[in-house]
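The following note sets out some points for a colleague reading this structure at the bench. It deals with aromatic side chains, one pocket and one further residue.

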Amino acid sequence: MKRFAWSKLYPKPWQEEFGDEFEALLDEVRVGPKEGLDIVLGALRVRAATWPKQLAYLVGWAAVGFFDVFGNEVQWAVGVLLLTCGISTAAEPKRFVRNTLFFFSAVPICTLVSYQFRELRHDMFYQTIVALIPATIGSLVGLAIGSLRPPKNASA
């Protein structure tokens with residue numbers, strides 16, 4: 001029986017550079033469920049690093065809108081806002097205002113779209129707008145974390 005080629009989970013450039021060594025290493029060890037999960041998560045991390053940053057932002061924006069409309073409580077939307085604003089600001093501190101406004105825009109836009117459909121209407125709009133305050137705090141924490149990193153051109 002032929003063994004599964006785990007390196008096929010990774011992007012082509014990664015396979016070309018590391019695939020043979022990776023498969024040779026896996027030939028020497030038994031790949032159990034824990035190791036298989038580690039390999040899959042590693043492949044997802046490598047693939048996510050190659051995705052355009054805009055896709056990550058759009059997914060985050062859609063998650064904020066989804067939890068704003070379909071979440072049973074406002075905390076879901078605010079929690080996703082905290083994560084998206086904090087992570088994006090930590091990654092790009094210079095784009096703090098742009099990123100924060102981008103993710104905040106998901107709340108009114110998705111709410112207004114949901115009001116067009118009777119079965120999607122919800123009464124959390126004002127609660128969510130008020131809850132943007134802690135999400136702003138999350139953005140500021142992300143800004144603080146991002147500003148703690150040394151500049152890229154600084155020599156070690």
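**Notes on the predicted model**

1. Phe22 is a buried residue, its relative accessible area being 15%. It should be kept in mind that the model under review is predicted.

2. Phe22 has an aromatic partner in Tyr10, and the two rings meet edge-to-face, 5.6 Å centre to centre with 70 degrees between the planes. Over 60 degrees is the range that counts as edge-to-face. Tyr10 is also buried, at 6% relative accessibility.

3. What does this pair tie together? Tyr10 belongs to the segment before helix H1 (12-28) whereas Phe22 sits in helix H1, so the contact between the rings links parts that are 12 residues apart in sequence.

4. A second pair is made by Trp14 and Phe18, whose rings are tilted, with 5.4 Å centre to centre and 45 degrees between the planes. Both residues lie in helix H1, and because they are 4 residues apart, about one helical turn separates them.

5. Is Trp14 buried or exposed? Trp14 is buried, with a relative accessible area of 17%. Phe18, by contrast, is partly exposed, at 34% relative accessibility. The cut-off for buried is under 20% relative accessible area, so the value of 17% places Trp14 among buried residues.

6. Taken together, Tyr10, Trp14, Phe18 and Phe22 make up one aromatic cluster. For the model, the count of aromatic pairs comes to 9.

7. Gln15 is another residue of helix H1. Gln15 is buried, with a relative accessibility of 14%. Leaving aside residues up to four places away in sequence, Gln15 touches Ser7, Lys8, Tyr10 and Asp20. Tyr10 thus appears both in this contact list and in the aromatic cluster.

8. The second largest pocket holds about 220 Å³ of space. Two elements, helix H3 (53-70) and helix H4 (74-91), each give two or more residues to its lining. The largest share, 5 residues, is supplied by H4.

9. Which residues line the second largest pocket? They are Lys53, Ala56, Tyr57, Gly60, Leu83, Thr84, Ile87, Ser88, Ala91 and Phe103. Sorted by class, the lining of this pocket contains 6 nonpolar, 3 polar and 1 charged residues.

How values were computed
Residues are numbered from 1 along each chain as its sequence is written. This is a predicted model: local features need pLDDT of at least 70, side-chain atom pairs count only at pLDDT 80 or more; totals for chains, interfaces and linings use all residues. Side-chain values use heavy atoms; hydrogens and water are left out. Rings of Phe, Tyr and Trp (its six-membered ring) pair if their centres lie within 6.5 Å; planes under 30 degrees apart count as stacked, over 60 as edge-to-face and the rest as tilted. Buried means under 20% relative accessible area, exposed over 50%, partly exposed in between (1.4 Å probe, protein chains only). On a 1 Å grid over the protein atoms alone, a cavity is a set of points where a 1.4 Å probe fits but cannot get out, and a pocket is an open set with protein on both sides within 12 Å along at least five of seven lines; lining residues have an atom within 4 Å of a point. Grid points are joined across faces, edges and corners, and a volume is the space filled by probe spheres set on the points. Ala, Val, Leu, Ile, Met, Phe, Trp, Tyr, Cys and Pro count as nonpolar, Asp, Glu, Lys and Arg as charged, and the others, Gly among them, as polar. Contact means heavy atoms within 4.5 Å.
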